[in-house]
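Subject: The structure for you to look through

Hi there,

Here is the structure I promised to pass on. Have a look at it first, and then read my notes below.

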Number of protein chains: 2
Amino acid sequence: MTFAVTVDLVMLTIRDGALCVLLVRRAIPPHLGAPALPGGFVLPDEDLAAAAERELAEETGMTATGHLEQLASYGTPGRDPRGRVVTVAYLALLPDAPVPHAGGDAAGADWMPVRALPPLAFDHDRILADGIERARAKLEYTPLAAAFCPPQFTIGELRQVYEAVWDTRLDPRNFHRKATSTDGFVAPTGLSTTGERGRPAQLFSRGTATVLHPPLLRPSAGR
Amino acid sequence: MTFAVTVDLVMLTIRDGALCVLLVRRAIPPHLGAPALPGGFVLPDEDLAAAAERELAEETGMTATGHLEQLASYGTPGRDPRGRVVTVAYLALLPDAPVPHAGGDAAGADWMPVRALPPLAFDHDRILADGIERARAKLEYTPLAAAFCPPQFTIGELRQVYEAVWDTRLDPRNFHRKATSTDGFVAPTGLSTTGERGRPAQLFSRGTATVLHPPLLRPSAGR
DNA sequence: ACAAAAGTGTTCCTCATACACCCATGT
DNA sequence: ACATGGGTGTATGAGGAACACTTTTGT
């Protein structure tokens with residue numbers, strides 16, 4: 001028994017303070033015209049992660065920025081009417097900016113806010129929900145929020161990432177203390193912003209830590 | 001391009017105070033005679049989770065006990081010399097007791113302590129390492145430790161699960177308070193043990209919580 | 001002068017840790 | 001009597017939440 005294997009990408013970014021996902025409009029059946037996660041078939045001699053990176057590059061033109069990790073696999077019989085297809089979903093967290101390229105089996109691509117989403121093709125609603133939940137959880141105990149930021153960022157920008165992903169408000173004062181005092185979360189660059197409203201802010205780059213000690217917990221999570 | 005799809009199981013349990021994994025000895029090539037994770041091909045009309053449950057039942061005869069979740073997928077070209085094979089790994093946490101059944105493409109099955117393991121077939125070392133790390137992490141913020149216990153258990157048994165999985169010693173007094181005071185972790189049954197050494201212990205069953213608030217953190221994890 | 005955002009100090013409370021101490025059983 | 005494990009009480013310290021307050025810019 002053989003299967004087709006695809007990779008699908010949950011690509012998340014922050015635009016205008018809202019968590020957004022990249023969706024394509026399908027240019028071929030099945031689900032022609034429906035919004036879907038970008039993805040495609042794994043090539044004969046291609047590693048799964050390499051396939052995900054290739055799809056990411058094809059859609060955004062970015063390489064080696066942000067964060068990419070395997071999310072989960074979905075292979076329920078009948079999830080694709082063309083036959084038995086197992087998809088390995090990947091989660092990508094990206095800084096804002098990339099303009100999506102259309103092409104391939106997609107008629108167009110665009111960033112959509114994750115609140116008020118249309119129904120998606122295949123079982124992509126489920127995959128997207130899993131990806132969002134993974135991102136929300138990972139922000140608690142890893143420094144991955146910085147993957148949504150450009151190489152240099154302010155603590156305020158970092159806080160806005162948390163606020164967008166978690167859909168909550170955080171106290172700017174406590175967040176500042178927490179982010180700057182947690183070892184390896186952010187690294188000071190010595191530079192500052194200018195030309196913004198309010199007092200100039202120090203610019204930071206991503207720290208070296210892979211986990212946060214202690215974690216930054218979601219407000220409602222605790223009790 | 002088509003692939004073969006398999007499921008492999010990282011089945012963990014506690015035996016004699018040590019974290020153990022179920023390994024089979026391969027009865028067919030490739031890697032004939034080598035220890036490996038139990039697993040097999042997904043059937044034409046079978047869901048991935050159903051395939052994992054089937055393999056679990058074939059190996060242990062257990063159904064609907066413990067815990068089963070998807071771990072990750074592995075599909076590097078060349079990981080199986082027979083061709084392009086993608087495996088979806090599942091993690092199972094089981095109470096002690098089940099005697100493994102041999103059969104199929106396995107010459108024998110046995111529980112092996114995870115310290116001092118032999119090299120495994122395919123990329124199963126990596127899969128097993130990922131499974132163990134997942135289990136260690138999940139004990140921190142979920143009540144899954146109880147999945148290693150029989151339906152009724154004492155707080156001391158639950159503590160020994162943590163000690164075995166994390167390979168640390170925990171303070172029995174603080175652990176007791178923590179486990180019993182964390183909402184939904186354990187539910188009192190009103191029963192007690194008898195015939196053991198020391199004072200009889202209250203018996204508990206699994207609580208209803210899916211996450212622990214606050215989490216139970218590994219001693220070395222913090223700093 | 002005022003608004004706006006950055007950043008610091010302080011108080012209160014929750015919870016983790018360490019450990020003294022008591023309880024109830026088997027030997 | 002004593003060992004063994006179950007279970008409670010309490011002091012100390014680290015860290016989170018709330019918020020008063022100061023700093024530094026643009027308008």
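A polar contact here is a pair of N or O atoms within 3.5 Å; within protein, one must be able to donate a hydrogen and the other to accept it, and residues adjacent in sequence count only if both atoms are side-chain atoms. One such pair joins a side-chain N or O atom of A:Arg177 to a base nitrogen of DNA strand D, 3.4 Å away.

Some ground rules before we go on. This is a predicted model, in which local features need pLDDT of at least 70 and side-chain atom pairs count only at pLDDT 80 or more, while totals for chains, interfaces and linings use all residues. Residues are numbered from 1 along each chain as its sequence is written, chains are lettered from A and ligands numbered from 1 in the order in which they are written, and side-chain values use heavy atoms, with hydrogens and water left out.

**DNA strand D**

How many residues surround DNA strand D? There are 23, and the closest are A:Arg173, A:Asn174, A:Lys178, B:Gly198 and B:Arg199. A residue is near a strand if one of its heavy atoms lies within 4 Å of it. Of the strand D atoms within 4 Å of the protein, 49% belong to sugar or phosphate and the rest to bases.

Besides A:Arg177, look at A:Arg199, which has a polar side-chain atom 3.1 Å from a base oxygen of DNA strand D. The phosphates take part too: a polar side-chain atom of B:His176 is 3.3 Å from a phosphate oxygen of this strand.

Helix 4 of chain A, together with helix 3 and helix 4 of chain B, each supply at least two residues of the surface near DNA strand D. The largest share, four residues, comes from helix 4 of chain A. (Helices are DSSP runs of H or I with at least four residues, strands are runs of E with at least two, and both are numbered from the N terminus.) By class, this surface has five nonpolar, six polar and twelve charged residues. Ala, Val, Leu, Ile, Met, Phe, Trp, Tyr, Cys and Pro count as nonpolar, Asp, Glu, Lys and Arg as charged, and the others, Gly among them, as polar.

**DNA strand C**

Now for DNA strand C. Of the 23 residues around it, A:Arg173, A:Arg177, B:Arg173, B:Asn174 and B:Lys178 come nearest. Sugar or phosphate accounts for 54% of the strand C atoms within 4 Å of the protein, and bases for the rest.

Which part of DNA strand C lies 2.3 Å from a polar side-chain atom of B:Lys178? It is a phosphate oxygen. The side chain of A:His176 also has an N or O atom 3.2 Å from a phosphate oxygen of strand C. B:Arg199 uses its backbone instead, with an N or O atom 3.3 Å from a base nitrogen. Helix 4 of chain B gives the largest share of the surface near DNA strand C, four residues. That surface has five nonpolar, six polar and twelve charged residues.

**The two protein chains**

A rotation of 180° with 0.0 Å of shift along its axis superposes chain B on chain A, with an RMSD of 0.0 Å. The two copies are thus related as by a two-fold rotation axis. (The superposition is by least squares on the C-alpha atoms of residues with pLDDT of at least 70 in both.)

Inside chain A, the axes of helix 2 (residues 124-141) and helix 3 come within 10 Å and cross at roughly 145°. Axes are lines fitted to C-alpha atoms, for helices over the stretch in contact, and angles run from 0 to 180 degrees between N-to-C directions. Contact means heavy atoms within 4.5 Å. A:Ala135, A:Arg136, A:Leu139 and A:Glu140 of helix 2 meet A:Val161, A:Tyr162, A:Val165 and A:Trp166 of helix 3. By class, this contact has six nonpolar, no polar and two charged residues.

**Backbone details**

Most residues other than glycine have a negative phi, and most peptide bonds are trans. Here are some places to check against that:

- The peptide bond from A:His213 to A:Pro214 is cis, with omega near -5°, and A:Pro214 sits in the segment after strand 9 (202-206) of chain A.
- B:Pro29 and B:Pro30 are joined by a cis peptide bond, with omega about -5°.
- B:Phe122 is not a glycine, yet has a positive phi of about 50°.

Happy exploring!
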